[in-house]
Amino acid sequence: DTNYVWAIDIAARRLSRGRRQIDDKGKANRVLPIRMDAHRLAFPNNSFDLVIGNSVLLFLNRGQFLEECYRTLKPGGRALFANESMDHPVLKVYRSLFPRLRARERITRRLSAADIEAFIEQFGEGTHREFYLLSVLFAPLTGRFGMHKAIGALARFVNEVDELLLRRFPVLRRYCWIAVIELRKQETDVGGVS
């Protein structure tokens with residue numbers, strides 16, 4: 001039994017870039033890119049073990065998209081989403097400084113903690129974890145100098161501080177840069193998303 005990855009996007013430009021990356025990695029026989037609207041997935045019910053999305057929840061009608069994810073997942077299947085999220089004050093200022101980022105913000109809908117909890121409730125089972133609270137401040141250093149030995153040590157230290165702060169003060173999660181959300185379809189599913 002051969003497993004395949006379907007890679008979907010609505011934008012032809014991103015699909016073209018993805019095809020080049022797939023070819024460069026020699027995975028063209030396993031990864032199948034296709035242009036498709038995520039609100040209307042052209043796959044049968046119970047097709048997939050896993051659905052993965054990177055920042056898609058910022059741009060879609062979330063209710064409609066999650067219904068499609070739920071419909072196309074097999075019972076026991078999982079949906080994993082990594083998203084820029086929440087209300088990080090430094091990132092809000094940064095996004096307001098550049099015209100291209102300001103334009104992007106006009107079409108995005110940032111996630112809130114309440115949104116994430118609603119997704120989990122909608123699926124019936126799930127978890128979430130947030131990342132990059134203080135460490136976001138050091139992103140320009142890693143962007144400029146890479147993971148040089150000293151920069152890497154500093155980044156690891158600040159990530160550990162982030163983890164400690166988020167464990168001690170869960171309310172700070174809403175200020176993180178990235179949220180990773182895992183939703184699981186019930187093994188005994190007979191209906192759809194509630």
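Start by selecting Lys185 and Tyr70. Lys185 sits over the face of Tyr70, 5.0 Å from the ring centre. A charge counts as over a ring when NZ of Lys or CZ of Arg is within 6 Å of the ring centre and within 35 degrees of the ring normal.

This is a predicted model: local features need pLDDT of at least 70, side-chain atom pairs count only at pLDDT 80 or more, and totals for chains, interfaces and linings use all residues. Residues are numbered from 1 along each chain as its sequence is written, and side-chain values use heavy atoms, with hydrogens and water left out.

**The whole protein**

Zoom out. The C-alpha trace spans about 50 × 40 × 35 Å along its principal axes. Colour by secondary structure to find seven helices and six strands. Helices (H or I, at least four residues) and strands (E, at least two) are DSSP runs, numbered from the N terminus. Along the sequence the pattern reads β-α-β-β-α-β-α-α-α-β-α-α-β.

Of the 194 residues, 33% count as buried. Buried means under 20% relative accessible area, exposed over 50%, and partly exposed in between (1.4 Å probe, protein chains only). Now consider contacts, meaning heavy atoms within 4.5 Å. Among those between residues at least 6 apart in sequence, 82% join residues at least 24 apart.

**Helix α2**

Select residues 62-72, which form helix α2. Three of its residues are worth a stop.

Begin with Arg62, which lies in this helix. Is Arg62 buried or exposed? Arg62 is buried, because its relative accessibility is 6%. Show its neighbours: leaving aside residues up to four places away in sequence, Arg62 touches Leu57, Arg109, Arg110, Leu111, Asp115 and Phe119.

Move to Glu68, also placed in α2. Its relative accessibility is 13%, so Glu68 counts as buried. With residues up to four places away in sequence not counted, Glu68 touches Ala38, His39, Arg40 and Leu41.

Finish the helix at Thr72. Thr72 is buried, at 0% relative accessibility. Draw a C-alpha to C-alpha distance to Asn46: the two are 4.6 Å apart in space and 26 residues apart in sequence. Asn46 is also one of the residues that Thr72 touches, once residues up to four places away in sequence are set aside. The others are Leu41, Phe43, Pro44, Ser47 and Phe48.

**Aromatic rings**

Two of those neighbours, Phe43 and Phe48, lead to the next selection. Add Trp6: ring pairs link Trp6, Phe43 and Phe48 into a cluster. Rings of Phe, Tyr and Trp (its six-membered ring) pair if their centres lie within 6.5 Å; planes under 30 degrees apart count as stacked, over 60 as edge-to-face and the rest as tilted.

How many aromatic pairs does the structure hold? There are seven. Among them, Tyr94 and Phe98 are edge-to-face, at 5.2 Å centre to centre and 65° between the planes. Tyr94 is partly exposed at 43% relative accessibility. Phe98 is partly exposed too, with a relative accessible area of 39%.

Next, pick Phe131 and Tyr132. Their ring centres are 6.3 Å apart and the planes are at 50°, so this pair is tilted. Phe131 has a relative accessible area of 26% and is partly exposed. Tyr132 is partly exposed at 35%.

**Two positive phi values**

Stay on Tyr132. This residue lies in the loop between β5 (126-131) and α6 (139-145). Its phi is positive, about 70°, although Tyr132 is not a glycine.

Now jump to Ser55, in the loop between β3 (48-54) and α2. Phi of Ser55 is near 65°, again a positive value in a residue other than glycine. Ser55 counts as buried, with 15% relative accessibility.

**Where α3 meets α4**

Last stop: select helix α3 (residues 89-97) and helix α4 (residues 99-107). How do they cross? Their axes come within 5 Å and cross at roughly 110°. That makes α3 roughly perpendicular to α4. Axes are lines fitted to C-alpha atoms, for helices over the stretch in contact, and angles run from 0 to 180 degrees between N-to-C directions. Angles under 35 degrees count as roughly parallel, over 145 as roughly antiparallel, 65 to 115 as roughly perpendicular and the rest as oblique.

Show side chains at the contact. From α3 come Tyr94, Arg95, Ser96 and Leu97; from α4, Pro99, Leu101, Arg102 and Glu105. These contact residues divide into four nonpolar, one polar and three charged. Here Ala, Val, Leu, Ile, Met, Phe, Trp, Tyr, Cys and Pro count as nonpolar, Asp, Glu, Lys and Arg as charged, and the others, Gly among them, as polar.
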